[in-house]
Amino acid sequence: MLSLLYIDDEKDLLEIGKLFLERSGDFIVDTLSSPDRVLDIIRSNQYDAIISDYEMPGLNGIELLKKIRSEFGDIPFILFTGRGREDVVIEAINNGADFYIQKGGEPQSQFAELGHQIKQAVAKRQAECSLVESVEKLRASSSRFEALILASNTGAWEYDSSGNFWCSPEYFSMLGRNIRDYGSSESQDFKKVWIDLIHPDDREQAVKAWNSYLVNPEGMYEQYFRMLHQDGHWVWILSRGKTLQDSSGYFTPVTIGTHIDVTGQKLIEEQLLKKNEELQATYEEIIATEEELRTNYNELVKSKQALEISENRYSLTLESINDGLWDLNIATGVLFLSPQFYRMCGYQPDAFPPDIAHWASLIHPDDQERVQILFNKTLMNGDNLFVEYRVLRSDDTYQWILERGKVIEWSPEGKPRRVLGTHTDITARKEIEEKLDEKSRVLQTLTDNLPGMVYRCRNDQNWTMEVISDGVLPLTGYQKEEMLYNRDVSYGSIIHPDDQKIVWDFVEEGVINSKPFELRYRIICKDSSVKWVWEQGRGVFQGEILQALEGYITDITPEIAAQKALQKLAHSIEHLKEGVFWFNSEGIIYDTNIAFSEFSSQSKGTIIRSHVSVLPFILQSKTWSELMDLAKSTGSISEGALLNISPDTQKNLHMSISYGQFGEESVFCGIINDRTKEEEYLSEVVRSREELASAYEELLSSEESLKDQYLQLTNTKEALQESEYKFRSIFEDAILGIFKVTKEGSIINVNPAFARIHGFDTPDEMKAAITDIRSQMYVHPEDRDLLLRLLEENGEVRGFEVEKYRKDGSTVWISVNEKVIRYQDGESYSLEGTIEDITRRKTVEYENGISLNQLRKNFAEFSILNDGIRNPLTVLAILAESCDPIISDKISNYIQQIDDLINQVDNRWVESEKVISYLQKHHNY
């Protein structure tokens with residue numbers, strides 16, 4: 001049973017977690033609601049694993065992890081939290097968390113997954129401890145093997161095809177020489193330390209046999225030759241070796257072997273041969289030298305005893321290397337199995353008959369066919385046997401073994417007679433490989449599902465990618481194989497040329513300071529499109545040496561586009577000719593555009609944070625408080641106002657106040673237009689008409705006062721001339737374009753403003769250049785036809801918007817107010833009216849439309865997201881009903897809290913829709 005410590009500041013969740021984990025019977029759980037006492041608790045108790053929340057007061061989960069790793073080493077640590085951000089996952093893994101599990105979902109399966117991950121983490125730690133212990137044992141075994149080599153006075157050597165040659169100190173000591181006299185202990189001169197030391201009579205044959213083996217390294221290399229001892233005598237050497245093979249059975253460039261001093265054996269052989277010749281030559285001398293034969297016999301006995309000692313040493317060596325040895329005589333069917341062969345599988349030596357059939361029955365059924373095929377291939381072709389498979393242990397479990405084998409004896413017909421091999425237990429290695437594969441799969445799944453790409457690259461100008469997630473394809477359009485190690489394209493080459501130096505300098509600064517870096521820049525995708533990306537990463541160091549850069553890159557092009565759209569909208573409002581100002585429910589102004597400062601003759605800094613009542617505008621009928629109340633109740637209100645420029649000069653202003661509610665914030669927006677010239681013009685026209693009407697009535701009132709009337713008419717004429725002069729002055733100086741044309745399309749008269757709007761310097765220049773209004777001035781001539789039809793039907797048209805050509809070929813948007821002037825008989829004579837340049841307003845409306853469409857798209861995505869959250873909440877609510885009533889109530893409470901948050905998001909979305917509707921209704925957005 002595993003002992004766990006669970007830390008979470010949610011006490012209810014602690015109780016639920018403890019209940020679910022202990023219910024399985026595999027765990028004993030201690031809980032803490034605060035991380036403050038964790039280290040003291042661990043010091044006084046032994047825990048198999050730690051479970052921790054992320055967000056906790058005083059100390060978060062990753063900070064706690066660092067403290068535990070610092071004091072207690074690699075005790076398994078699982079981060080169990082509601083935070084699902086990628087940066088938290090990456091930081092947790094980088095700081096040594098074994099697993100990261102996000103809260104949410106059905107409790108039964110969630111805590112079952114948590115229990116599974118705890119068991120995996122604990123098993124992983126136990127396996128790592130076992131691996132460390134195995135490594136220590138391997139080191140001890142290696143030391144014993146080196147001691148055995150030293151004690152046996154066997155010289156070891158290693159040769160590779162590039163000419164590198166290494167010899168052990170014993171290689172030289174058996175020749176009375178010192179390894180230090182032959183250069184580096186890592187590599188010696190092959191010719192100097194081997195070939196040149198061979199007896200001249202043996203050298204040619206020895207070199208020939210050596211080269212022959214290198215060309216065809218089948219079986220074992222073995223030959224006898226003499227080598228020169230330091231003191232000048234010759235030493236007989238048995239040289240044996242073998243070329244190594246890789247895991248696929250292919251020969252490597254490396255050949256290893258030994259030199260054994262067999263001088264004594266050779267001398268005995270020579271002596272025996274000499275004695276044998278003497279015995280065959282002179283039988284009688286044998287009788288005469290019986291005592292000498294007895295001496296020779298004793299020497300043979302001693303040689304036999306030496307051989308038995310050597311065999312004992314060989315047996316002890318087999319016992320110590322922890323591998324099982326097998327030897328199969330194919331002709332007789334006799335199979336020899338070493339004691340360790342049995343023990344490594346949990347059996348006592350000789351626990352089952354040493355025959356092939358019984359051993360084959362212990363092989364896992366899924367592996368039997370593969371093993372049989374490879375074994376038959378060894379027997380047929382003489383290939384070395386190298387296979388990994390599972391065998392049944394004495395406790396009915398399976399363990400992994402590595403079997404190696406080789407045919408060591410052949411019949412004259414070329415058939416194998418004897419096969420020798422070993423068994424090595426590789427169960428621990430296989431278990432570690434499986435766990436590493438699973439951990440790699442989990443990490444790969446996490447990185448491939450991030451909305452961007454995770455990478456590891458070199459710190460060079462190409463940003464050479466060594467590891468890259470599948471997110472590279474949707475981000476750049478390139479397959480990751482194309483970008484890995486710059487096969488077809490480097491990541492550095494797709495960074496926008498204008499940003500490459502900025503990116504390099506910024507990343508280098510982070511690397512130099514050993515700090516994370518975060519930046520935005522552009523990349524050019526495979527389809528030539530340009531994207532904005534956000535990158536976060538940091539340098540990975542080993543000591544003080546930079547190994548690589550690791551980080552995360554994601555697409556932020558939509559966010560950049562939205563920011564630019566908002567900037568354009570703000571710029572358009574800032575440069576409107578109308579004055580615009582915003583103030584809150586207390587009447588405090590918090591922003592204005594440029595034109596408003598011109599209207600109020602005050603700087604923007606002076607106006608901001610002042611009350612609307614201190615503005616230099618004289619309201620005509622209402623107070624500011626009344627205007628704000630009416631705007632709240634109706635949505636918008638209009639009001640006239642005066643602005644005193646000097647004691648003798650005033651401006652007539654028209655003010656529109658609109659109101660909007662954005663969450664808990666109340667916003668008022670005011671727009672001011674200067675109507676001074678329009679008011680003056682209208683007043684002058686009214687006054688002139690009144691004077692004319694009065695004169696006309698006086699003419700009809702009495703025929704008796706014709707003289708007086710004539711005089712009055714004369715005075716009236718003078719007044720009319722003065723009025724006409726004033727009207728002409730207004731006509732010439734007006735901001736609005738004023739025109740008079742025929743219905744056929746010829747210009748009768750236009751004022752300077754009309755000519756300027758169409759790009760002409762003077763009215764005369766325009767009248768000379770334009771002979772057909774419809775074909776020369778209208779971008780869409782059918783708009784002229786529509787205007788004439790409306791005039792015929794209604795006699796007057798106001799606010800008709802049309803796009804027209806200017807003198808230089810560019811276009812301008814204008815708003816037309818036009819009416820028909822008719823003869824007394826009712827036939828139309830001419831058309832006259834005014835125009836206003838509305839090009840800037842049209843541009844603003846177009847840009848605002850794009851921005852609002854983007855906002856609507858964003859709001860729609862918010863709506864879809866909310867639905868995606870509510871669906872699993874509904875499933876949770878249903879599942880909660882089947883739980884324990886106390887737990888069910890707590891789950892329902894949490895579900896309600898989440899639903900309230902979603903409702904708040906919905907309300908914000910509805911309020912944003914109201915803002916859009918308000919802008920469209922009151923400001924033509």
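This is a short talk about the core, the cavities and a few single residues of one protein chain.

Hi everyone, thanks for having me. Before we look around, please keep in mind that this is a predicted model. The protein chain has 925 residues, and 36% of them are buried. Along the chain there are 31 helices and 31 strands. Now take the contacts between residues at least 6 apart in sequence: 48% of these join residues at least 24 apart.

Let's start with the largest nonpolar core. It has 26 residues, and the members that touch the most other members are Trp463, Met483, Tyr491 and Tyr521. Which elements supply at least two residues each to this core? On the strand side we have E16 (453-457), E17 (465-468), E18 (517-524) and E20 (545-555). On the helix side we have H16 (472-476), H18 (491-494) and H19 (500-512).

Pick out Tyr521 on your screen. Leaving out residues up to four places away in sequence, what does Tyr521 touch? Its partners include Tyr491, which we just met, along with Ile495, Val503, Trp532, Val533 and Ile553. Asp499, Lys531 and Glu535 are also among the residues that Tyr521 touches.

Now go to Trp463, another of those core members with the most partners. You'll find Trp463 in the loop between E16 and E17. Here is something to remember for your courses: most residues other than glycine have a negative phi. Trp463 has a positive phi, near 50 degrees. Is Trp463 buried or exposed? Its relative accessible area is 7%, and buried means under 20%, so Trp463 counts as buried.

For a second residue with a positive phi, jump to Arg609, where the value is about 75 degrees, and this residue is not a glycine either. Arg609 also belongs to a loop, the one between helix H22 (604-607) and strand E23 (618-619). Its relative accessibility is 69%, and exposed means over 50%, so Arg609 counts as exposed.

While we are in that part of the sequence, have a look at Ser600, in helix H21 (residues 594-600). Ser600 is buried, with a relative accessible area of 3%. A polar atom of its side chain lies 3.4 Å from the backbone oxygen of Ser597. Setting aside neighbours within four places in sequence, Ser600 is in contact with Ile607, Pro616 and Phe617.

On to the cavities. How many are there of 30 Å³ or more? The count comes to four. The largest cavity has a volume of about 120 Å³. It is lined by 14 residues, and the closest to its centre are Phe739, Phe754, Tyr778, Lys804 and Glu818. Strands E27 (737-741), E29 (796-805) and E30 (811-822) each give two or more residues to this lining, as do helices H28 (773-777) and H29 (782-794). E30 gives the most, with three residues. By class, the lining of the largest cavity has eleven nonpolar, no polar and three charged residues.

The second largest cavity has a volume of about 80 Å³. Of its 13 lining residues, the closest to the centre are Tyr455, Cys457, Trp463, Tyr491 and Glu535. The elements giving two or more residues to this lining are E16, H19, E18 and E20. The lining of the second largest cavity divides into twelve nonpolar, no polar and one charged.

To finish, find Trp463 and Tyr491 once more: both are among the core members that touch the most others, and both are among the residues closest to the centre of the second largest cavity. Thanks for listening!

How values were computed. Residues numbered from 1 in each chain as written. Predicted model: local features only at pLDDT ≥ 70, side-chain atom pairs only at ≥ 80, totals over all residues. Heavy atoms only, no water. Core = buried A, V, L, I, M, F, W, Y, C linked by side-chain atoms within 4.5 Å. Buried < 20%, exposed > 50% of the residue type's maximum accessible area, 1.4 Å probe, protein only. Helix = DSSP H or I, 4+ residues; strand = E, 2+ residues; numbered from the N terminus. Contact = heavy atoms within 4.5 Å. Polar contact = N/O pair within 3.5 Å; in protein donor to acceptor, adjacent residues only side chain to side chain. 1 Å grid on protein atoms, 1.4 Å probe; cavity = no way out; pocket = protein on both sides within 12 Å on 5 of 7 lines; lining within 4 Å. Points joined across faces, edges and corners; volume = space filled by probe spheres on them. Nonpolar A, V, L, I, M, F, W, Y, C, P; charged D, E, K, R; others polar.
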